[in-house]
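Please open the structure in your viewer and keep the selection tool at hand. The tour below proceeds stop by stop, stating what to select and what is found there.

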Amino acid sequence: MISTTNALILGITAVYLLLVVAVGAAASRITGDSREDFLMASRSFGTVVLLFALFATNMTSVVMIGAPGLAYSTGVSAYGFFVSLFAFLFPVFLMTFGYRIWIVGKEFGHITPGQIFNHRWESDNLGLLVMAIFTIWTIPYILVGVQGGGIVFESLTDGLIPYWLGALITIIVVGMYVYPGGMRGTGWTNTFQGMVFMAVLFAFFLYVPFRIGGFGAATDAVAQIDGGVFLNREGLPPYETRMYFSQGIIVALGAFMFPHLILRYMTARSFTTLKQTSVVYPVAVLLVWVPTVLLGFWGIAQIPNLENPDFILPELVFEFFPTWAIGLALAGILAAMMSSIDGQVLTLSTFFGEDVLRKFWDDVTDAKVVWYTRIFLIVIFVLAYIGALLTSDTVVDTATFAFAGYGLLFVPMAAAFYWRSSTKASIYAGVIYGFVGIWAFEYGPLPPEVAGFHPFVPILVTQILLMAVVALVTQPPSEDRIDEYEECFEDVW
Amino acid sequence: MLKGSFWYPNSWKHAALFAAVCAMVVLHQSELVGLYDSTTILFGWLPAQIAYDMAFNVVGFGILIVMYYLAPTAPERYESEGESQ
């Protein structure tokens, strides 16, 4: 028997999910069967849609669950540790490096990073390697999003919707707008869902401390614990200077190299759009991350001794919100989850269509690429669902590992745009070295830190040195190809 | 490719902007302003550590606005094509 409480929560959630599907359906009506339109929305995103397409995809699964969880474990420095440097460097990269990515997408019709690698260094298979590595780093990130959907459904319906069913609902709803709407479907729903989750988050931020007795009372309660240990970085190993620096660099480089974001840089309508998005980006990050970190921070005193810190936000909602609002909260948290999963899944499908089908199947038509891309979407959804039933990692741990993996593709990709004498062999060396290196530190015999730095930093430095040495002794691509790129970048940052 | 890019500035304005970006990477470390072990709470509820990080991003926002205006104009063929859609 369903209680009135659960019926209300589920009713509000169902209405929200139907709205998301309706927005996706509206996008799909103007999405054609051409590959350029389905995969890239005809490179037509304006500032608002591009901002939310980047922001909602980039932030959400980590921000709604991971950020409060990190603050709950380690205190208020979670903001500076994870996101403040990223919030500044990401837009700097977008206005410079991202602009060059956008230009070569326009100039040569590239859609995927693999196509850029193959074209820039006149290679047949370098792009396939890059695609495989991007895919390997993306899969666990998708799983975390699906897993998060299952967790919040089970947690906020008090077990009425079990984990397996919550994860399944999440996957099906995302599938219903990504399958027909492609990139435009994700862009439009990201805009809608980004606004919803920001509104819900602000409601959390104002209402939870109101119930505790005000902002001052909420902070004071945490400040009393162990002499204010959660107010600063002292005594917390991740927040020591070198590790703090490492994390800032990992997130800044890694998040910029998210494959689903690289595709979206190329969907911008113009450079002006990219610039406007860049300027607004740190403000958007600040508006979202500060509330989530403070909520996790305040939760330390309100709900102590949680076994899994990732549950702190749902637990706060359940503890302090009236029943009707829990449905809205669930909708807001699901908005966060779904707007990450959609872009990631569409990107992997795009890679399959562009880097495998079009690369190795000579007479494939655009319509067939789109059709097979859609089939591949379904395959990934099924695999993601199975994976979500099996995985048990926390959001921040998974995110940091994946960020480090993406971040070690930063220099090889930047070489395409800034390093004239880079060679195909040097890029192979850099890509493989970075991939093997980070796995060796994570699971191999190498130590978990080097002179206080996260292994990412020494791997990044030695990766650059290795690439420089290999570039000196191997053959660059033809002068014609280098000149083609150089001409694109005249008077361009 | 690198020369003339943002990362290899060729004018004093661009050099100053590049220096500001590099300075921000250093200023990310809150211990430079004595906040590593601070238990100060501002306005009765905001820990100084996160207040600093927020201010860091506000300054970053200012630098990005300057970048916005100093960035070279996009080549006409790209910008006009995009705006016409």
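**First stop: a nonpolar patch on chain A**

Select H14(A), the element that gives the most to a nonpolar patch, with nine residues. The model in view is a predicted one.

Next, extend the selection to the whole patch, which lies on the surface and consists of Trp164(A), Tyr179(A), Trp371(A), Ile375(A), Ile378(A), Val379(A), Val382(A), Leu383(A), Ile386(A), Leu389(A) and Leu390(A). Together these residues have about 1,100 Å² of accessible area. Two elements of chain A give two or more residues each to the patch: helix H7 (163-212) and helix H14 (366-390).

Within this group, select Val379(A), which has its place in helix H14 of chain A. Its relative accessible area is 37%, so Val379(A) is partly exposed.

**Second stop: a recorded region of chain B**

Select residues 54-71 of chain B, which UniProt lists, in an unreviewed entry, under "transmembrane region". Over residues 54-71 of chain B the chain is 94% helix and 0% strand. The C-alpha atoms at the two ends of this stretch are 25 Å apart.

Now select Ile63(B), a residue of helix H2 (residues 48-70) of chain B. Is Ile63(B) buried or exposed? Ile63(B) is buried, because its relative accessible area of 13% falls under the 20% limit.

Display the surroundings of Ile63(B). Leaving aside residues up to four places away in sequence, Ile63(B) touches Phe88(A) as well as Leu17(B), Ala20(B) and Met24(B). Add Val21(B) to the selection: 42 residues separate Val21(B) and Ile63(B) along the chain, while their C-alpha atoms are 7.9 Å apart.

**Third stop: His14 of chain B**

Move to His14(B), which lies in helix H1 (residues 12-27) of chain B. Its relative accessibility is 18%, so His14(B) counts as buried.

Which residues does His14(B) touch, not counting residues up to four places away in sequence? They are Trp493(A) in one chain, and Pro9(B) and Leu70(B) in the other.

**Last stop: two cysteines**

Select Cys488(A), which is buried, with a relative accessible area of 3%. Then select Cys22(B), which counts as partly exposed at 36% relative accessibility.

How many disulfides are there over all chains? The count comes to zero, where a disulfide would be a pair of cysteine sulfur atoms within 2.5 Å.

Conventions:
Residues numbered from 1 in each chain as written. Chains lettered and ligands numbered in written order. Predicted model: local features only at pLDDT ≥ 70, side-chain atom pairs only at ≥ 80, totals over all residues. Heavy atoms only, no water. Helix = DSSP H or I, 4+ residues; strand = E, 2+ residues; numbered from the N terminus. Buried < 20%, exposed > 50% of the residue type's maximum accessible area, 1.4 Å probe, protein only. Contact = heavy atoms within 4.5 Å. Patch = residues over 30% accessible without salt bridge, like charges linked within 9 Å, V, L, I, M, F, W, Y side chains within 5 Å. Areas by Shrake-Rupley, 256 points an atom, 1.4 Å probe, with all protein chains shown as cover. Salt bridge = Lys/Arg side-chain N within 4 Å of Asp/Glu carboxyl O. UniProt positions renumbered as here; feature names shortened; annotations may be inferred.
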